[in-house]
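Dear colleague,

I am passing on the structure below, so please open it alongside this message and follow the residues as they come up. After it I set out what was found.

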Amino acid sequence: MLRADYFERSDKPQYVGDPALPLEFIPHLDRLARSEHTARLNRIREQGRKAVADALSGLVL
């Protein structure tokens, strides 16, 4: 979302291949994206475990 917002607000590229983001932003944005991706995967994994536990708790053996 930060990249998209920056692209919308920044000046148009001067030429094809002109980087729209300053190069010093890229490592920080990549790290943020990886962190958000990891957090999302952890939430999905936890919700899956809870769903399986809830489904198995209703079974009578």
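To begin with the surface, V52, L56 and L59 make a nonpolar patch of about 300 Å², and please keep in mind throughout that the model is a predicted one. One of these residues, L59, lies in the segment after α2, the helix that covers 26-57. L59 has a relative accessible area of 54% and is therefore exposed, because a residue counts as exposed when that value is over 50%.

The charged side chains come next. Side chains of opposite charge can pair when their charged atoms come close. How many salt bridges does a search of the whole structure find? The search finds two, and I describe them in turn.

In one salt bridge, the side chain of E46 meets that of R49, with 4.0 Å from N to O. E46 and R49 are three residues apart in helix α2, which means that about one helical turn separates them. As for their surroundings, E46 counts as partly exposed, at 47% relative accessibility, whereas R49, at 53%, counts as exposed.

In the other salt bridge, D54 and K50 bring their side chains together at 3.0 Å, again given from N to O. Here the two residues, D54 and K50, are four residues apart in helix α2, and so they too are separated by about one helical turn. D54 has a relative accessibility of 45%, and it therefore counts as partly exposed.

With best wishes

Technical notes
Residues are numbered from 1 along each chain as its sequence is written. This is a predicted model: local features need pLDDT of at least 70, side-chain atom pairs count only at pLDDT 80 or more; totals for chains, interfaces and linings use all residues. Side-chain values use heavy atoms; hydrogens and water are left out. Patches are made of residues with over 30% relative accessible area and no salt bridge: like charges are joined within 9 Å, nonpolar side chains (Val, Leu, Ile, Met, Phe, Trp, Tyr) within 5 Å. Accessible areas come from the Shrake-Rupley method with a 1.4 Å probe; for residues, only the protein chains shown count as cover. Buried means under 20% relative accessible area, exposed over 50%, partly exposed in between (1.4 Å probe, protein chains only).
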